[in-house]
Amino acid sequence: MKALKYLLVFTIPLTVYVSFTSTGWITFLPLIYVFGIVPLSDMFLKVNAENFDKEQEEIEKNNKLYSYILYLTLPVQVGFLIWFLFVINETASTIDLIGRISAMGIMCGVIGINVGHELGHRNNRFEELLGEILLMTSLETHFLPYHNAGHHFNVATLEDAATARKNEPLYIFWIRSQFMSYIQAWKLENKRMTTSERSWFHHQNRMLIYTICHALLVGAIFFFFGVITTLYFLAAAIFGILLLETVNYIEHYGLLRDKNKFGRYERVKHTHSWNSNHVIGKLVLFNLSRHSDHHYNGSKHYQILKSLPESPQMPTGYPGMMLLSLIPPIWFKVMNKKLQEI
């Protein structure tokens, strides 16, 4: 069955299991896997730009197994987070600490935030709630109101916090995107409350509820595990957030929409997001790398996202591009040249 290939994402918890039960350099196995083995594999495997035909697309669209795989990530993510709190509380070695925090951080970024993003686009409350819980494991629930009502509306414009400007270093983008998107999320929710004639201090203000839930989660960790373990959790959550922001950076770097004669931006097209059809990275991230089609139709489920020839293509998969972005001079040299070719 075609859906089963997406079970590849669970190789990441497998490496995290090894990290949590081992010592020394092997605690960095998740980092080695995601940013070593995966990008190297993508370099040697043929890219896959194939799409379903209309008949097959309709079949796969209605195949619930794709959603069940997403649902399965929730108990895995929450279970590993609870295990992490116990394991890290008993970890003494500095090397083991860093390795296990980075391992949990990868879980937060790849499963917590990425799957939370996919479920947050669904149009039913049950799946949206699952997405909120996953995002809360990285303290990143503000992502949903900003991403859906802000990023998708303003993508590839200077008004969008999550669109990287040409020649903007990744490390500046991290700060700008995270803090601006948080502020914008509050503004969007406050505007929604005002439109519905409600006070900002209302239980339907998602940012208010998310803030309370974050405080309760951090407070519970502090109460049961103490201040040091709480700091380790915050470090893992920040690691996951930085993975998210790095993905945001590579997805739209330097791409801007034109304005028409009335001063309005053109409609979002497949040319306004960078795409990648590299096989392993695509499967592990639930087709996130087919990002152009995602922005063209945000409600489209991950399994039926298309690769179209007009979409600008990354030279490698997401993990490889994320590594490249860490070295701004090389990134600019490669990607600015790609921008000129569009």
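This section describes the overall fold, the annotated segments, two leucine residues and one helix pair of a predicted model.

The protein contains 14 helices and zero strands. Read along the sequence, the elements therefore give an uninterrupted series of helices, α-α-α-α-α-α-α-α-α-α-α-α-α-α, where runs are assigned by DSSP. Along the principal axes, the C-alpha atoms occupy a box of roughly 60 × 55 × 45 Å. A compact globule of 342 residues would be expected to have a radius of gyration near 20 Å, and the value for the protein, 20 Å, agrees with this. Buried positions make up 54% of the 342 residues. Among contacts with a sequence separation of 6 or more, 70% join residues that lie 24 or more positions apart.

Two kinds of annotation from an unreviewed UniProt entry were compared with the model. The entry assigns "transmembrane region" to residues 25-45, 65-85, 97-116, 207-225 and 231-250. In the model, residues 25-45 are 76% helix and 0% strand, with 28 Å between the end C-alpha atoms. Residues 65-85 are 100% helix and 0% strand, and the C-alpha atoms at the ends of this stretch are 31 Å apart. The UniProt entry also lists residues 103-317 under "domain: Fatty acid desaturase". Over residues 103-317, the chain is 59% helix and 0% strand, and its end C-alpha atoms are separated by 20 Å.

Two leucine positions were examined individually. L81 is located in helix 4, which spans residues 65-89. Its relative accessibility is 7%, so L81 counts as buried, the cut-off being under 20%. Apart from neighbours within four places in sequence, L81 is in contact with M104, T137 and F233. The C-alpha atoms of L81 and K191 are 34 Å apart in space, for a separation of 110 residues in sequence.

L188 is found in helix 8, which covers residues 170-195. With a relative accessible area of 25%, L188 is partly exposed. When residues up to four places away in sequence are not counted, L188 touches P145, Y146, A149 and G150. The C-alpha atom of L188 lies 12 Å from that of F143, a residue 45 positions away along the chain.

Helix 13 was considered for its burial and its packing. This helix is mostly covered, with six of its eight residues buried. The buried residues are Y318, P319, G320, M321, M322 and S325. They pack against helix 2 (29-44), helix 8, helix 10 (227-252), helix 11 (279-284), helix 12 (291-296) and helix 14.

The pairing with helix 14 was described further. Two packed helices are described by the angle between their axes and the distance between the axes. For helix 13 (residues 318-325) and helix 14 (residues 328-341), the angle is about 120° and the axes are 7 Å apart. Helix 13 and helix 14 are therefore oblique to each other, since the range for roughly perpendicular pairs is 65 to 115 degrees and that for roughly antiparallel pairs is over 145. On the side of helix 13, the contact involves M321, L324 and S325, which meet P328, I330, W331, V334 and M335 in helix 14. The residues of this contact comprise seven nonpolar, one polar and no charged. Of the helix 13 residues in the contact, M321 and S325 are also among the buried residues of that helix.

Conventions. Residues are numbered from 1 along each chain as its sequence is written. This is a predicted model: local features need pLDDT of at least 70, side-chain atom pairs count only at pLDDT 80 or more; totals for chains, interfaces and linings use all residues. Side-chain values use heavy atoms; hydrogens and water are left out. Axes are lines fitted to C-alpha atoms, for helices over the stretch in contact, and angles run from 0 to 180 degrees between N-to-C directions. Helices (H or I, at least four residues) and strands (E, at least two) are DSSP runs, numbered from the N terminus. Angles under 35 degrees count as roughly parallel, over 145 as roughly antiparallel, 65 to 115 as roughly perpendicular and the rest as oblique. Contact means heavy atoms within 4.5 Å. Ala, Val, Leu, Ile, Met, Phe, Trp, Tyr, Cys and Pro count as nonpolar, Asp, Glu, Lys and Arg as charged, and the others, Gly among them, as polar. UniProt positions are given in the numbering used here, feature names are shortened, and annotations may be inferred rather than shown by experiment. The radius of gyration is taken over C-alpha atoms; the globule rule is 2.2 Å times the number of residues to the power 0.38. Buried means under 20% relative accessible area, exposed over 50%, partly exposed in between (1.4 Å probe, protein chains only).
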